[in-house]
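Reader: I'm new to reading models like this one. Please take me through it step by step.

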Amino acid sequence: MKYLFAAVMLASAVVGFSEAASAAGGCGPGWYRGPYGGCRPMRGAVVVRPAAVVVAPVVVAPRARACPYGFRWYAGRCRPI
């Protein structure tokens, strides 16, 4: 029984690896499957130009947190000491 199981596992591995060879969907090199199943040519190299960098001054002013005597600011609110 274990030899039968080993043979089935080996056969499934061979079939699994053979499917990886047809990753292009049967269209061939330089082609791919389109949305409706037809073969389409791959386009040339895509050139992405960097966008212009805009630097704006950012002013961050801390909010004044005043807790009453015997309290401290912790986890977003005043908590007793």
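## Bridges, strands and a turn

Reader: Which word fits cysteine 27, buried or exposed?
Author: The relative accessibility of cysteine 27 comes to 14%. The label follows from cut-offs: buried is under 20% relative accessible area, exposed is over 50%, and partly exposed is in between (1.4 Å probe, protein chains only). Cysteine 27 therefore counts as buried.

Reader: And what kind of model are we looking at?
Author: Residues are numbered from 1 along each chain as its sequence is written, and side-chain values use heavy atoms, leaving out hydrogens and water. Local features need pLDDT of at least 70, side-chain atom pairs count only at pLDDT 80 or more, and totals for chains, interfaces and linings use all residues; the model is predicted.

Reader: What order do the elements of the protein chain follow from the N terminus on?
Author: The protein chain has 1 helix and 4 strands. These are DSSP runs numbered from the N terminus (helices: H or I, at least four residues; strands: E, at least two). Helix H1 covers residues 2–20. From the N terminus on, the order is α-β-β-β-β.

Reader: How many disulfides does a search of the whole structure find?
Author: What we look for is a pair of cysteine sulfur atoms within 2.5 Å. Along the chain, the bonded cysteines follow the pattern 1-2, 3-4. For the whole structure, the number of disulfides found is 2.

Reader: How many residues apart in sequence are the parts that cysteine 27 and cysteine 39 tie together?
Author: The sulfur atoms of cysteine 27 and cysteine 39 sit 2.2 Å apart, forming a disulfide. Cysteine 27 belongs to the loop between H1 and strand S1 (31–33), while cysteine 39 is in strand S2 (residues 39–41), so the parts tied together are apart in sequence by 12 residues.

Reader: Which hand does the disulfide of cysteine 27 and cysteine 39 have, left or right?
Author: Look at the torsion about the S-S bond, which is about -80 degrees for this pair. Because of that value, the disulfide of cysteine 27 and cysteine 39 is left-handed.

Reader: What is the relative accessibility of cysteine 39?
Author: Its partner, cysteine 27, counts as buried. Cysteine 39 counts as partly exposed, because its relative accessibility is 38%.

Reader: Where is cysteine 78, the partner of cysteine 67?
Author: Cysteine 67 and cysteine 78 are joined by a disulfide, with an S to S distance of 2.2 Å. The pair links distant parts of the chain, 11 residues apart: cysteine 67 is in the loop between S2 and S3, and cysteine 78 is in strand S4.

Reader: What is the torsion about the S-S bond of cysteine 67 and cysteine 78?
Author: Both ends of this bridge are partly exposed, cysteine 67 at 23% and cysteine 78 at 28%. The disulfide is left-handed, because the torsion about its S-S bond is about -85 degrees.

Reader: Which residue in S4 stands opposite phenylalanine 71?
Author: Strand S3 (residues 71–74) and strand S4 (residues 77–80) pair in the antiparallel sense over 4 bridges; pairing requires at least two DSSP bridges between strands. Opposite phenylalanine 71 stands proline 80.

Reader: Which residue in the hairpin of S3 and S4 takes a positive phi?
Author: Most residues other than glycine have a negative phi. The hairpin of S3 and S4 has 2 residues between the strands, and one of its residues has a phi near 55 degrees. That residue is not a glycine, and at 58% relative accessibility it counts as exposed. The residue in this loop with the positive phi is alanine 75.
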